[in-house]
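Work through the exercises below with the sequence and the structure at hand. Each task is followed by a solution in steps.

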Amino acid sequence: MSLVRTFYDPFTEFDKLFDDAFNARFHPSPTIEGNTTLTQRRDRAFPRMDLHENAETKTVTATFELPGIKQQDVNVEVHGNRLTISGESKCSDNHNKGSYVVQERSYGKFSRTLQIPQGIKAEDVHAKMENGVLTVSFPKAGPDQQPQRIAIA
């Protein structure tokens, strides 16, 4: 059984709903499929993630795909028992919006939240970003959650 769960935030869905409604109304897209902001990715979570649990070192490693996103545009935060990866993918300023024939690349704000074990402190979480891949590692259980053997009298 995995100790890490994806945290569902209903307010994120409301934000997406309003963003989609206003973007479709005030920023019609020249593409056939519609607007290409990250809020359109309802069929899959963004950023994409792999989770790996290492039983030997008792750590969990989350790897996120963030192609084309700069390190300074990504935030990693621990709040209580939640680890949040957020940031923004910015649209290139080299082209004006009306000149696209096809626009498939996505842009906009993103956020992904994972539930982590209670007792994990921010200093226990380690993050590094290399070539558009963010790797975040943290202990599988907090110090107060480590199993303790009880002697039978």
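**Exercise 1: the nonpolar core**

Task: find how many residues the largest nonpolar core has, and which of them have the most contacts inside it.

Solution. The model is a predicted one. Its largest nonpolar core has 19 residues. Those with the most contacts inside this core are F64, L66, L83 and L134. Next, look at the elements that give two or more residues to the core: strand 3 (59–65), strand 5 (82–89), strand 6 (108–115) and strand 8. In soluble globular proteins, nonpolar side chains tend to be buried together.

Now take L66 by itself. Leave aside the neighbours within four places in sequence; L66 is then in contact with P47, V74, F110, M129, G132 and L134. L134 is thus a contact of L66, and both are named among the core residues with the most contacts.

**Exercise 2: the open sheet**

Task: give the order of the four strands in the open sheet, and state whether the pairing is parallel or antiparallel.

Solution. The order is 2-3-8-7, and the strands pair in the antiparallel sense. Strand 2 (49–54) and strand 7 (126–130) are the edge strands; each has a single partner strand, so one side of each is left without a neighbour in the sheet. From one strand to the next, the twist averages 15 degrees.

Then go through two of the pairings.

- Strand 2 and strand 3 are antiparallel and joined over six bridges. Within this pair, L51 has A62 in strand 3 as its bridge partner.
- Strand 7 and strand 8 (residues 133–139) are antiparallel over five bridges. Here E130 stands opposite V133 of strand 8.

**Exercise 3: positive phi in two loops**

Task: K58 and N131 each lie in a loop; between which strands is K58, and between which is N131? State also whether N131 is buried or exposed.

Solution, first residue. K58 lies in the loop between strand 2 and strand 3. The hairpin of these strands has four residues between them. K58 is not a glycine, yet its phi is positive, about 55 degrees. Its relative accessible area is 47%. Exposed would require over 50% and buried under 20%, so K58 counts as partly exposed.

Solution, second residue. N131 is in the loop between strand 7 and strand 8. N131 too is a residue other than glycine with a positive phi, near 55 degrees. With a relative accessible area of 75%, N131 is exposed.

Methods
Residues numbered from 1 in each chain as written. Predicted model: local features only at pLDDT ≥ 70, side-chain atom pairs only at ≥ 80, totals over all residues. Heavy atoms only, no water. Pairing = 2+ DSSP bridges. Axes fitted to C-alpha atoms, helices over the stretch in contact; angles between N-to-C directions. Core = buried A, V, L, I, M, F, W, Y, C linked by side-chain atoms within 4.5 Å. Buried < 20%, exposed > 50% of the residue type's maximum accessible area, 1.4 Å probe, protein only. Contact = heavy atoms within 4.5 Å.
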